[in-house]
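Please open the model in your viewer and keep the selection tool at hand. The stops below suggest what to select next and say what is there.

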Amino acid sequence: MKQGLFTIIENTRLTDSVWKMRLVGDTSAITAPGQFVNILLEGKFLRRPISVCDCEGDELTLVYKVVGGGTEQMSRMERGQTLDILTGLGNGYDLTESGDAPLLLGGGVGVPPLYMLAKKLIEEGKKVSVVVGFNTASEIFYEEEFKALGANVTVTTVDGSYGIKGFVTNAMDNIDYTHFYTCGPEPMLRAVWRASKTDGQLSFEERMGCGFGACMGCSCKTLTGYKRICKEGPVMRKEEILWQN
């Protein structure tokens, strides 16, 4: 974990509620796709955790959804402003388990952390398939960015307004894969867990206090004991997950 000041170089709207922010600063603590950062915002007691979408050199890319006062405040920030950010937080995805043909599945704002993962896997020569799911066509983002990396991309929408009608699981049966990686809301993670034919890794979302394991506020029960989403997670392996009713 490292704390530092980052300067905004871009903050643009992708959809009605989703924004892309690019910043420059010390990114050396970010070592794996699937990690997150924690952002200090003026007037807010708790930092805001945001998944890392991409990290290249000293440039950090965050894609976030405006859901409350903190993210709304972020959406109004402009080029040249600075943010106090904790980087290198969380346990990211393990690329060594991917096999030759990994499958990446993302739902809504669970899509961004899969971008850096796809980029890394493709750089290793893997045949990467990506399935991204949204409620409707107007919510879609990053389809073309994944295609530009060289991934085989499938889009699903719940209302059928674009791509395959239904959920990301509706696309899984038509894809041959060796390992899966996923990120999204818990109902989607449960569905992918049930539908998957291989081992895989799931990234969970949880309300956090400190973001680095000190407060124990985001602990969850697993088959191997209690784990902190912000420290031992957010990525967990399929075989250790104990779903709570």
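Begin with the largest pocket of this predicted model, which has a volume of about 1,400 Å³. Of the 50 residues that line this pocket, select Lys65, Val67, Val109, Gly110 and Glu205, which are the closest to its centre. Then colour the elements that give two or more residues to the lining, namely strand E4 (48–51), strand E6 (59–65), helix H1 (69–75), strand E9 (129–134) and helix H4 (186–195); the largest share, 4 residues, comes from E4. If you colour the lining by residue class, you should find 23 nonpolar, 19 polar and 8 charged residues.

Next, turn to the largest nonpolar core, which has 26 residues, and show the side chains of Leu104, Leu117, Val130, Tyr142 and Phe146, the members that touch the most others. The elements that give two or more residues to this core are helix H2 (112–123), E9, strand E10 (152–157) and strand E12 (179–183), and H2 supplies the largest share, 5 residues. Apart from this core lies another, of 20 residues, which can be picked out through Ile8, Ile30, Val52 and Met77, all of them among its members.

Stay with H2 for a moment and select the whole helix. Buried or largely open: how do the 12 residues of H2 stand to the rest of the structure? Of these residues 9 are buried, so the helix is largely enclosed by the rest of the structure. The buried residues are Pro112, Pro113, Leu114, Tyr115, Met116, Leu117, Ala118, Lys119 and Leu121. To see what they pack against, display E4, strand E5 (54–56), E6, strand E8 (102–107), helix H3 (143–149) and E12. Just after H2, select Gly125, where the backbone takes a positive phi of about 85°.

From there, move to Tyr142, one of the core residues shown earlier, which lies in the loop between E9 and H3. Tyr142 is not a glycine, yet it has a positive phi of about 70°. With a relative accessibility of 6%, Tyr142 counts as buried, because the cut-off for that class is under 20%. Leaving aside neighbours within four places in sequence, the contacts of Tyr142 are Leu14, Lys20, Cys53, Thr61, Val63, Val111 and Tyr115, and Tyr115 is one of the buried residues of H2.

The next stop is Gly34, in the loop between strand E2 (18–24) and strand E3 (36–40). Gly34 is buried, with a relative accessible area of 5%. Which residues does Gly34 touch, not counting those up to four places away in sequence? They are Asn91, Gly92, Tyr93, Pro113 and Pro234, and Pro113 again belongs to the buried residues of H2. A distance label between the C-alpha atoms of Gly34 and Asn91 should read 7.2 Å, although the two residues are 57 apart along the chain.

Finally, zoom out to the protein chain as a whole, which has 4 helices and 16 strands. Of its 245 residues, 52% count as buried, while the chain exposes about 11,200 Å², with carbon and sulfur atoms supplying 48% of that area. Among contacts between residues at least 6 apart in sequence, 62% join residues at least 24 apart, and the pair Gly34 and Asn91, which touch and are 57 residues apart, can serve as an example to keep on display.

Key
Residues are numbered from 1 along each chain as its sequence is written. This is a predicted model: local features need pLDDT of at least 70, side-chain atom pairs count only at pLDDT 80 or more; totals for chains, interfaces and linings use all residues. Side-chain values use heavy atoms; hydrogens and water are left out. On a 1 Å grid over the protein atoms alone, a cavity is a set of points where a 1.4 Å probe fits but cannot get out, and a pocket is an open set with protein on both sides within 12 Å along at least five of seven lines; lining residues have an atom within 4 Å of a point. Grid points are joined across faces, edges and corners, and a volume is the space filled by probe spheres set on the points. Ala, Val, Leu, Ile, Met, Phe, Trp, Tyr, Cys and Pro count as nonpolar, Asp, Glu, Lys and Arg as charged, and the others, Gly among them, as polar. A nonpolar core is a set of buried Ala, Val, Leu, Ile, Met, Phe, Trp, Tyr and Cys residues joined through side-chain atoms within 4.5 Å. Buried means under 20% relative accessible area, exposed over 50%, partly exposed in between (1.4 Å probe, protein chains only). Contact means heavy atoms within 4.5 Å. Accessible areas come from the Shrake-Rupley method with a 1.4 Å probe; for residues, only the protein chains shown count as cover.
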